[in-house]
Amino acid sequence: EAFGRLMAELRPRLHRYCARMVGSAFDGEDVVQDALAKATEAFGTEGRTIAHPESWLFRIAHNTALDALRGGA
């Protein structure tokens, strides 16, 4: 599946991004796992094609990192 390949390909970049946001590689890994779980769930329920999947994944990761920083994740 193309979506799974995209997630695997972007995972290292998502991890670096999230680790910088939350200030820790360890916490960044948790954020990436949560973000990819949210993306997988959303992709399965949206039932449509995502025009810019890379941007979409980074937006989910960004929002998940913000939630973690606020103590909500």
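1. Quick definition before anything else: a salt bridge here is a side-chain nitrogen of Lys or Arg within 4 Å of a carboxyl oxygen of Asp or Glu. Lys-38 and Asp-67 pass that test, with their closest N and O atoms 3.7 Å apart. Lys-38 sits in helix H2 (residues 25–46) and Asp-67 in helix H3, so this pair ties together parts that are 29 residues apart in sequence. Keep in mind that you're looking at a predicted model.

2. How exposed are the two partners? Lys-38 has 39% relative accessibility, which makes it partly exposed. Asp-67 is partly exposed as well, with a relative accessible area of 27%.

3. Asp-67 also has a partner inside its own helix. The side chains of Arg-70 and Asp-67 meet in a salt bridge at 3.2 Å, N to O. These two residues are 3 apart in helix H3, so about one helical turn separates them. Arg-70 counts as exposed, at 62% relative accessibility. Put the shared partners together and Lys-38, Asp-67 and Arg-70 join into one network of salt bridges.

4. The whole structure has 4 salt bridges, and another one worth a look is Arg-13 with Glu-54, where the closest N and O atoms are 2.8 Å apart. Arg-13 belongs to helix H1 and Glu-54 to helix H3 (residues 53–70), so this bridge ties together parts 41 residues apart in sequence. Arg-13 is partly exposed, with a relative accessible area of 37%, and Glu-54 gets the label partly exposed too, at 34% relative accessibility.

5. Now for a buried spot. Leu-6 lies in helix H1 (residues 2–22). Its relative accessibility is 18%, and the cut-off for buried is under 20%, so Leu-6 counts as buried. Which residues does Leu-6 touch, leaving aside those up to four places away in sequence? The list is Pro-53, Glu-54 and Leu-57. For Pro-53, the C-alpha atom is 8.2 Å from that of Leu-6, although their positions lie 47 residues apart along the chain. Glu-54 turns up here again: besides touching Leu-6, Glu-54 is the salt-bridge partner of Arg-13.

6. Stepping back to the fold: the chain has 3 helices and 0 strands, and its elements run α-α-α from the N terminus on. The radius of gyration is 12 Å, close to the 11 Å that the globule rule gives for 73 residues, so the chain is as compact as a globular protein of that length. Along the principal axes, the C-alpha trace spans about 35 × 25 × 15 Å.

7. On contacts and burial: of the contacts in the chain with a separation of 6 or more, 59% are between residues 24 or more positions apart. Buried residues make up 30% of the 73 residues, and Leu-6 is one that counts as buried.

8. Last, surface and charge. The accessible surface comes to about 4600 Å², and carbon and sulfur atoms hold 53% of that. How many positive and negative side chains are there? The chain carries 9 positive and 10 negative ones, and the centres of the two sets lie 6 Å apart.

Technical notes: Residues are numbered from 1 along each chain as its sequence is written. This is a predicted model: local features need pLDDT of at least 70, side-chain atom pairs count only at pLDDT 80 or more; totals for chains, interfaces and linings use all residues. Side-chain values use heavy atoms; hydrogens and water are left out. Helices (H or I, at least four residues) and strands (E, at least two) are DSSP runs, numbered from the N terminus. Buried means under 20% relative accessible area, exposed over 50%, partly exposed in between (1.4 Å probe, protein chains only). Contact means heavy atoms within 4.5 Å. The radius of gyration is taken over C-alpha atoms; the globule rule is 2.2 Å times the number of residues to the power 0.38. Accessible areas come from the Shrake-Rupley method with a 1.4 Å probe; for residues, only the protein chains shown count as cover. Lys and Arg count as positive and Asp and Glu as negative; His and the chain ends are not counted. The place of a charge is taken as NZ of Lys, CZ of Arg, CG of Asp or CD of Glu.
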